[in-house]
Amino acid sequence: MAAAVAASEPAALRCDRVSRQSLLVLLTALSWCWLLAHAQRPVDTPSEYAHSIRIDGDVILGGLFPVHSRGERGVACGELKKEKGIHRLEAMLFAIDLINKDPELLPNVTLGARILDTCSRDTYALEQSLTFVQALIERDGSDVRCANGDPPIFTKPDKIVGVIGAAASSVSIMVANILRLFKIPQISYASTAPDLSDNTRYDFFSRVVPPDSYQAQAMLDIVTAMGWNYVSTLASEGSYGESGVEAFVQISREIGGVCIAQSLKIPREPKSGEFFKIIDRLMETPNARAIIMFANEDDIRRVLDAARRRNHTGHFLWVGSDSWGSKISPVVGQEDVAEGAITILPKRASVDAFDRYFKSRSLSNNRRNVWFAEFWEENFNCKLGMHGKRPGSPKKCTGLEKVGRDSTYEQEGKVQFVMDAVYAMAHALHRMHKDLCFGYPGLCPRMSSINGKELLGYIRAVNFNGTAGTPVVFNENGDAPGRYDIFQYQMNNKSAAEYKVIGHWSNKLHLNSFPKCL
């Protein structure tokens with residue numbers, strides 16, 4: 001009879017069940033290893049949370065941020081990321097503070113957080129995200145004894161109801177595969193790879209930024225408006241670059257009118273002279289002057305540098321994706337070769353309230369952020385005591401330094417989206433509470449153990465004005481609508497280069513002024 005039932009079960013469901021069971025076995029084994037290794041540790045040892053932020057609450061949200069860059073030579077984590085790491089995670093903390101103070105949103109329910117560092121590496125992030133599913137693994141300690149013969153005392157892991165993050169698409173893809181098995185909804189503030197729109201594979205994944213398929217359409221509309229019908233594409237190796245170019249090529253084939261001369265890829269670890277070779281290859285089809293770029297900012301900088309060194313300034317017509325956007329770092333020192341570039345960026349706004357919040361942070365009032373001391377040293381180029389992270393720093397930190405006064409400060413571009421992601425989760429929980437608890441103050445019994453599949457339905461149904469005043473909504477695949485500003489890098493009247501907004505895209509292209517051509 002059991003065999004007959006198994007045979008009749010749909011293959012996809014059976015595979016999902018088997019993979020879930022296999023993962024449960026793996027996670028349980030990892031948990032046992034952790035337990036045996038920590039059997040003599042006291043229950044509340046601070047070192048357990050030394051590499052994460054933990055804030056108590058009635059409902060706990062997970063957070064994934066690239067606090068550090070990818071390490072080298074076998075080291076997991078590298079340098080601190082002040083903006084993409086610290087600014088973004090502080091945006092999550094700030095949003096939680098605002099929600100917890102709001103008498104109209106989740107009244108009598110306190111949001112907490114467990115925030116982890118991905119170190120900009122997908123495999124490391126996967127290992128870290130196992131923390132989010134610990135509470136869903138049952139532990140049997142009947143056969144385990146401490147060194148003194150006593151039975152083990154298990155610390156109760158936080159029950160994570162939803163996760164904010166990750167940033168890089170490759171990290172979100174890796175983490176989404178784990179979270180979906182445990183039915184934990186995830187909302188990203190920065191991952192734009194088209195692959196994540198596949199609701200059959202990433203059904204618990206949503207995002208408050210538009211997928212690159214919209215961006216590819218916007219870039220094709222720009223190319224068409226400029227009358228360029230013969231172009232080349234250039235992508236950084238990885239899910240972002242390759243899937244972005246793939247979407248552009250596919251849409252251009254479907255619509256017609258634009259031919260692709262060459263599609264080149266920048267290796268993840270380029271060898272010496274690689275960028276000169278790329279420029280030489282592009283010059284093999286000199287009539288394809290327009291170059292469609294889905295590349296990271298470091299690769300953009302080196303491509304521009306190689307074009308300048310090969311004396312091709314003014315030849316190429318660059319069309320850059322949101323990884324270029326309005327960033328200064330790729331064009332510093334090579335403004336002449338970048339002049340005329342048309343770039344794209346999701347429509348966003350600076351959050352003034354966050355600026356006031358972040359500038360008020362200090363060592364004394366921000367102890368909840370375990371990485372803030374490291375940020376302090378990095379930001380003010382000073383050393384904190386004997387155990388500071390910057391042993392070579394010439395001066396000691398006084399603790400009286402002030403962000404924005406004693407250091408430069410500019411809000412990181414994804415702060416708005418981090419806050420929108422947290423608010424989307426809060427609005428979903430609020431609606432769920434109204435439907436299930438009927439005015440009950442705090443969490444009612446029906447929400448004592450939140451059903452992830454049910455919460456996902458509420459997330460997909462949210463519709464509210466975000467921090468920029470624009471609606472936060474999701475389609476059936478969990479994608480946000482495509483809204484972009486179009487920039488051109490132009491020389492101003494003072495012979496200095498700057499990015500100027502020349503239009504916007506929302507389902508179709510709207511140009512305020514026709515781009516200057518070289």
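This briefing describes the folded chain shown above, from its overall make-up down to one buried residue. The model is predicted. The chain holds 14 helices and 18 strands, and buried residues make up 50% of its 518 residues. Among contacts in the chain with a separation of 6 or more, 67% are between residues 24 or more positions apart.

**The six-strand sheet**

- One open sheet has six strands in the order 1-5-2-6-7-8, and its pairing is mixed.
- Its edges are strand 1 (52–55) and strand 8 (205–207); each has a single partner strand, so one side of each is left without a neighbour in the sheet.
- On average, neighbouring strands of this sheet are turned by 20° against each other, with direction ignored.
- Strand 2 (residues 59–65) and strand 5 (residues 111–117) run parallel and are joined by seven bridges.
- Within this pair, Gly63 has Ile115 of strand 5 as its bridge partner.
- Helix 5 (residues 169–179) lies across strand 2, strand 6 (160–164), strand 7 (186–188) and strand 8.
- The direction of helix 5 is at about 170° to strand 7.

**The eight-strand sheet**

- A further open sheet contains eight strands in the order 10-9-11-12-13-16-17-18, again with mixed pairing.
- Strand 10 (259–266) and strand 18 (509–511) are at the edges with a single partner strand each, so each has one side left without a neighbour in the sheet.
- From one strand to the next, the twist averages 25°.
- Strand 11 (residues 290–294) pairs with strand 12 (residues 317–320) in the parallel sense, over four bridges.
- Trp318 in strand 12 is the bridge partner of Ile291.

**Helices 8 and 9**

- Helix 9 (residues 297–309) lies across four strands of the eight-strand sheet: strand 9 (230–236), strand 10, strand 11 and strand 12.
- Relative to strand 12, helix 9 runs at about 180°.
- Helix 8 (residues 274–282) packs with helix 9 at an angle of about 65°, and their axes are 9 Å apart.
- The two helices, helix 8 and helix 9, are therefore roughly perpendicular to each other.
- The crossing of helix 8 past helix 9 is right-handed.
- From helix 8, the residues in this contact are Phe275, Phe276 and Ile279; they meet Asp299, Arg302, Val303, Ala306, Ala307 and Arg309 in helix 9.

**The hairpin of strands 3 and 4**

- Strand 3 (residues 68–70) and strand 4 (residues 77–80) pair in the antiparallel sense over two bridges.
- His68 has Leu80 in strand 4 as its bridge partner.
- The two strands form a hairpin with six residues between them.
- In the turn of this hairpin, Arg73 has a positive phi of about 55°.

**Helix 12 and its cover**

- Helix 12 is mostly covered, with seven of its nine residues buried.
- The buried residues of helix 12 are Phe372, Glu374, Phe375, Trp376, Glu377, Asn379 and Phe380.
- Their cover includes strand 3 and strand 4, along with helix 3 and helix 11 (352–359).
- The axes of helix 3 (residues 82–101) and helix 12 come within 11 Å and cross at roughly 135°.
- That angle makes helix 3 oblique to helix 12.
- Helix 3 passes helix 12 in a left-handed crossing.
- Lys82, Ile86 and Glu90 in helix 3 meet Phe372, Phe375, Glu378 and Asn379 in helix 12.
- Asn381, just after helix 12, takes a positive phi of about 50°.

**Gln411**

- Gln411 is in the loop between helix 12 (372–380) and helix 13 (415–437).
- Its relative accessibility is 13%, and buried means under 20%, so Gln411 counts as buried.
- Not counting residues up to four places away in sequence, Gln411 touches His87, Ala349, Ser350, Val351, Phe354 and Asp355.
- The Gln411 side chain makes a polar contact of 2.7 Å with the side chain of Asp355.
- A polar contact of 3.3 Å links the side chain of Gln411 with that of Ser350.

Note on methods:
Residues are numbered from 1 along each chain as its sequence is written. This is a predicted model: local features need pLDDT of at least 70, side-chain atom pairs count only at pLDDT 80 or more; totals for chains, interfaces and linings use all residues. Side-chain values use heavy atoms; hydrogens and water are left out. Buried means under 20% relative accessible area, exposed over 50%, partly exposed in between (1.4 Å probe, protein chains only). A polar contact is a pair of N or O atoms within 3.5 Å; within protein, one must be able to donate a hydrogen and the other to accept it, and residues adjacent in sequence count only if both atoms are side-chain atoms. Contact means heavy atoms within 4.5 Å. Two strands pair if DSSP finds at least two bridges between them. Axes are lines fitted to C-alpha atoms, for helices over the stretch in contact, and angles run from 0 to 180 degrees between N-to-C directions. Angles under 35 degrees count as roughly parallel, over 145 as roughly antiparallel, 65 to 115 as roughly perpendicular and the rest as oblique. A crossing is left-handed if the near helix is turned anticlockwise from the far one by less than a right angle, and right-handed if clockwise.
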